[in-house]
Amino acid sequence: MKRKSLLKEDRFRKTKKMKKKSKKTTSTNHVADKKSGLSLISTLGLFGSHETQVSVHGEVDLHKHVKDCQKNPGHKKFIPVESFHLNSLPRCFRDSLLYQLIKVTCDLAVRVEVKWTSPRRVEFWPESQQPYPFYNSQTTSASRFGSGALINVIKRQNGIGSDIYGQIYDLETRRCPCQKCQESDNPSRIWWEFIIFTATHVVFDEYEAEHTVCRLFYDSNTSKGFILDQASMYRSSIGEDTCDLSFVFCDKQDLGIKMFQMMTTWSILWQKVEEKFHRSRLAFIVSHPHGCAKQVSFGQWVKSYEWESYNRDLDLTKLTYTTSTCPGSSGAAVYCVGFNEIVHSGMLNSKLNVSGIGFSYLKSRNFSLSRRIRT
Ligand SMILES: [Zn+2]
Ligand SMILES: [Zn+2]
């Protein structure tokens, strides 16, 4: 199945949408209303406080932020990816397919560092009076750290591209558009594009994308990993709080091949796990708390708030969940095993965590609380 965030395209730039809704059932776990989705979300106070890690001295101070953490002192509910094994899974989810999926998911997670703040950040979240993160903060020189995930790899060759889902892209240019090739008389004719998903409040617009660096394979304090820079904004929506960044390069062919294969494996495993756990409430996150090495956390999704009925099977929803996060986790993908992944947006006053807006299959699954599996 193609990841939904890539199917959405420009239609979600609209932040205001009143649509005739079909008749819905409102249950304790799925909340709908006649108001426009964003008004409802605003009324319910579902724009959480963001979980971006601000660090005045950049990388140098990050370990100090771990030590001083107020939200999860000791970080006992986080599992470092290096020590993650089958028994790290909640007892009733110790399944080898799920374990393999999470291992691959760990390799797709990235740390996001944004070095500059856009002057175009908005003052409030759409249709709300709730302050938007980092509005008017462009004068501060602090770096902001968040998380993200690789969601597609596109191989470009002589102007024709193909992604991991088999989609073909015909391009105007036959030469690699990276900065090095633009200045070269002999530009590469094969290049790669990585699409990375994160939150819009982490990377707001093209200006911030240009000043964003992602780090792949930052698995431990000693991991060097891979640095991706020179991003551009592929898609973004303030209301949904999701954006996709594009990174183009031609100088790491092995990395391109490796991640193409890894994403293909992820997609196959996700489908199998989705079928096996289609009624589960398990929600796991792979993120970079405080901008430090990658960690896995487990919990449950709690409630689904509908923004829009998309079609017979799909809703656009915002979720709350118990999965542990810290500053630095903003933008990470929340993997709701069995129905979809959604972006981590922040924390509510109730201490529950809250997502951005994304697709869910809850409607087609006819989900009922009585069938839930506890973690
Ligand atoms: Zn913490
Ligand atoms: Zn190039």
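Q: Two residues are in contact when their C-beta atoms, placed from the backbone, lie within 7 Å. Leaving aside neighbours within four places in sequence, which residues does Val203 contact?

A: In this predicted model, Val203 is in contact with Val112, Val114, Thr198, Glu208, Ala209, Thr212, Cys243 and Leu245, once neighbours within four places in sequence are set aside. Each of these pairs therefore has its C-beta atoms within the 7 Å limit. Val203 itself is placed in the loop between β8 (190–198) and α6 (206–210).

Q: What makes Val203 count as buried or exposed?

A: A residue is buried if 20 or more other C-beta atoms lie within 10 Å of its own. Val203 has 29 other C-beta atoms within 10 Å, so it is buried. The C-alpha atom of Val203 is separated by 9.1 Å from that of Thr242, a residue 39 positions apart from it along the chain.

Q: Why is β4 described as largely enclosed by the rest of the structure?

A: In β4 (109–114), 6 of the 6 residues are buried, so the strand is largely enclosed by the rest of the structure. Both of its faces are covered: Ala109, Arg111 and Glu113 are buried on one side, and Val110, Val112 and Val114 are buried on the other.

Q: How do you know that β4 is paired with β5, and in what sense?

A: Pairing requires at least two bridges between two strands. β4 and β5 share 6 bridges in the antiparallel sense, so the criterion is met. Within this pairing, Ala109 stands opposite Ala149 of β5.

Q: How many bridges join β4 to β9?

A: There are 5 bridges between β4 and β9 (residues 212–216), and the two strands run antiparallel. The requirement of at least two is therefore satisfied here as well. The bridge partner of Val114 in β9 is Thr212; Val114 and Thr212 are also among the contacts of Val203.

Q: How do you know whether the span of α4 agrees with the expected value?

A: The expected span is 1.5 Å times one less than the number of residues. Helix α4 (residues 96–108) has 13 residues, for which 18 Å is expected, and its 19 Å from first to last C-alpha is close to that value. The buried residues of the helix are Leu98, Leu101, Ile102, Thr105, Asp107 and Leu108. They pack against β4, β5 (143–157), α7 (253–276), β13 (282–287), β14 (295–309) and β16 (333–336).

Q: Which residues touch the most other members of the largest nonpolar core?

A: The largest nonpolar core holds 65 residues, of which Ala149, Leu150, Phe194, Ile196, Val334 and Cys336 touch the most other members. Leaving out residues up to four places away in sequence, Leu150 touches Leu108, Val110, Phe194, Ile196, Met259 and Met263. A second, separate core of 6 residues includes Leu46, Phe47, Trp125 and Tyr305.

Q: What makes the phi of Asp241 worth stating?

A: Asp241 has a positive phi of about 60° although it is not a glycine. This residue is found in the loop between β11 (231–237) and β12 (242–249). With 31 other C-beta atoms within 10 Å, against a cut-off of 20, Asp241 is buried.

Q: Why is His290 called buried?

A: His290 is buried because 26 other C-beta atoms lie within 10 Å, and 20 would suffice. It lies in the loop between β13 and β14 and has a positive phi of about 60° although it is not a glycine.

Methods: Residues numbered from 1 in each chain as written. Chains lettered and ligands numbered in written order. Predicted model: local features only at pLDDT ≥ 70, side-chain atom pairs only at ≥ 80, totals over all residues. Helix = DSSP H or I, 4+ residues; strand = E, 2+ residues; numbered from the N terminus. Buried ≥ 20, exposed ≤ 12 C-beta atoms within 10 Å, placed from the backbone. Core = buried A, V, L, I, M, F, W, Y, C linked by C-beta atoms within 7 Å.
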